[in-house]
Amino acid sequence: MRIATWNVNSLKARLPKVEEWLSYAAPDVLCMQETKLADAAFPAMAFNALGYEVAFHGNGRWNGVAIASRVGLEQARPGFAGEELSEIEECRFLTALCGGVRVGSVYVPNGRAVGSEHYEAKLAWLERLRDDLAEQCSPDQPIAICGDYNIAPADADVFDPKAFAGATHVTPAERAAFSGFIEWGLFDAFRLVYPATDRLYTWWDYRAGDFHKHRGMRIDHLLVSRPIAERVSYALVDREARKGMGGERPPSDHAPVFVDFDWPAAR
DNA sequence: ATGGTAGCGCTGCTA
């Protein structure tokens, strides 16, 4: 089974790229973030035509998450458990059962500046996510919570730790929140395959030519529970999908990441 | 080098 995650930075702008990627990477499940689409505008038929069912949760302009699956998609739930749709201002979390795996697509708030109200809201949101998992799931079940965590878990996950001194994504509090998921029973699937390889990034700033200088961060993660972790065989950041092609509009500032594991529902 | 680019949508915010 191949589960992927990709912050597409507008599914409207990126749909041809996503369709192309689905056709050659052929994930069984793709979690998307920053679709920037209201539910009424979600291009479900484009996914259906490629053999994927979709669940989506967005209100336009900003944020927005989705899950595409070709191994079944049931029990789709937007937001946290018990959260009323009408009270959700920012669409950042969506879960569904795909091929026997509880899949979550997450878009963690950016945080903007350390100490700002947005930073505090990011930490609070991460705590709420952890509470939701603890209430709704058990780590002995197959779980994959995938998405843009906006956290680089270790210094090896940023191109230059000194350049991020005092910045978000690398603070002890954010890293502690990330560790909280690990302590609860999830594994950083990418690190199971590449335990100590640095310079494996998933995001590069559009500005200053950072992608071409490979000045990036690893902030998109697939966190999986033990039943999946012990079956992981392969993982990859598809850096090719972050490259623009001549004459086309720019790619997303994130690359897709996927993990493969032996699973009966896989196609 | 305290900049730079992209998306949305039409002004400036978010990243």
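Let's start with the second largest pocket. Its lining residues divide into 5 nonpolar, 1 polar and 6 charged. The volume of the second largest pocket is about 180 Å³. In total 12 residues line this pocket, and the closest to its centre are A13, P16, K17, E248 and R249. One caution before we go on: this is a predicted model.

Now the largest pocket. How much space lies in the largest pocket? About 1100 Å³. A set of 46 residues lines the largest pocket, and R92, Y107, P109, N110 and G111 are the closest to its centre. Sort the lining by class and you get 18 nonpolar, 11 polar and 17 charged residues. Which helix gives the largest share of that lining? Helix α3, residues 117-136, with 6 residues.

Next, the DNA. Look at strand B on the screen. DNA strand B has 14 residues around it. The closest are S10, R14, R61, R112 and Y206. Which part of the strand comes within 4 Å of the protein? Of the atoms of DNA strand B that do, sugar and phosphate account for 62%. By class, the protein surface near the strand has 7 charged, 5 nonpolar and 2 polar residues.

Let's zoom in on single contacts with the strand. Take S10. One of its polar side-chain atoms lies 2.4 Å from a phosphate oxygen of DNA strand B. Then R112. A side-chain N or O atom of R112 is 2.9 Å from a phosphate oxygen of the strand. So what does R207 reach, with an N or O atom of its side chain 3.4 Å away? A base oxygen of DNA strand B.

Now three residues, one at a time. Each sits in a loop, so find the loop, then the residue.

T202 comes up here. Find the loop between α5 (189-193) and β10 (203-204); T202 lies there. Is T202 buried or exposed? T202 is buried, because its relative accessible area is 1%, and buried means under 20%. Leave aside residues up to four places away in sequence. T202 then touches M217, R218, I219, D220, V237, D253, H254, A255 and V257. Pick out D220 from that list. The side chains of T202 and D220 are joined by a polar contact of 2.6 Å.

Next is L50. Its place is in the loop between α2 (44-48) and β3 (53-57). L50 counts as partly exposed, because its relative accessible area of 38% falls between the 20% and 50% cut-offs. Which residues does L50 touch, not counting those up to four places away in sequence? E19 and L22. Now compare sequence and space. L50 and E90 are 40 residues apart in sequence, and their C-alpha atoms are 29 Å apart.

Last stop, G166. Look in the loop between β8 (143-148) and α4 (172-184). G166 is exposed, because its relative accessible area is 69%, and exposed means over 50%. Try the sequence and space exercise again. G166 and G147 are 19 residues apart in sequence, and 24 Å apart from C-alpha to C-alpha.

Quick recap. T202 is buried, L50 is partly exposed and G166 is exposed. S10 and R112 each have a side-chain atom by a phosphate oxygen of DNA strand B, while R207 has one by a base oxygen. Over to you for questions.

Definitions and conventions
Residues are numbered from 1 along each chain as its sequence is written. Chains are lettered from A and ligands numbered from 1 in the order in which they are written. This is a predicted model: local features need pLDDT of at least 70, side-chain atom pairs count only at pLDDT 80 or more; totals for chains, interfaces and linings use all residues. Side-chain values use heavy atoms; hydrogens and water are left out. A residue is near a molecule or strand if one of its heavy atoms lies within 4 Å of it. A polar contact is a pair of N or O atoms within 3.5 Å; within protein, one must be able to donate a hydrogen and the other to accept it, and residues adjacent in sequence count only if both atoms are side-chain atoms. Ala, Val, Leu, Ile, Met, Phe, Trp, Tyr, Cys and Pro count as nonpolar, Asp, Glu, Lys and Arg as charged, and the others, Gly among them, as polar. Helices (H or I, at least four residues) and strands (E, at least two) are DSSP runs, numbered from the N terminus. Buried means under 20% relative accessible area, exposed over 50%, partly exposed in between (1.4 Å probe, protein chains only). Contact means heavy atoms within 4.5 Å. On a 1 Å grid over the protein atoms alone, a cavity is a set of points where a 1.4 Å probe fits but cannot get out, and a pocket is an open set with protein on both sides within 12 Å along at least five of seven lines; lining residues have an atom within 4 Å of a point. Grid points are joined across faces, edges and corners, and a volume is the space filled by probe spheres set on the points.
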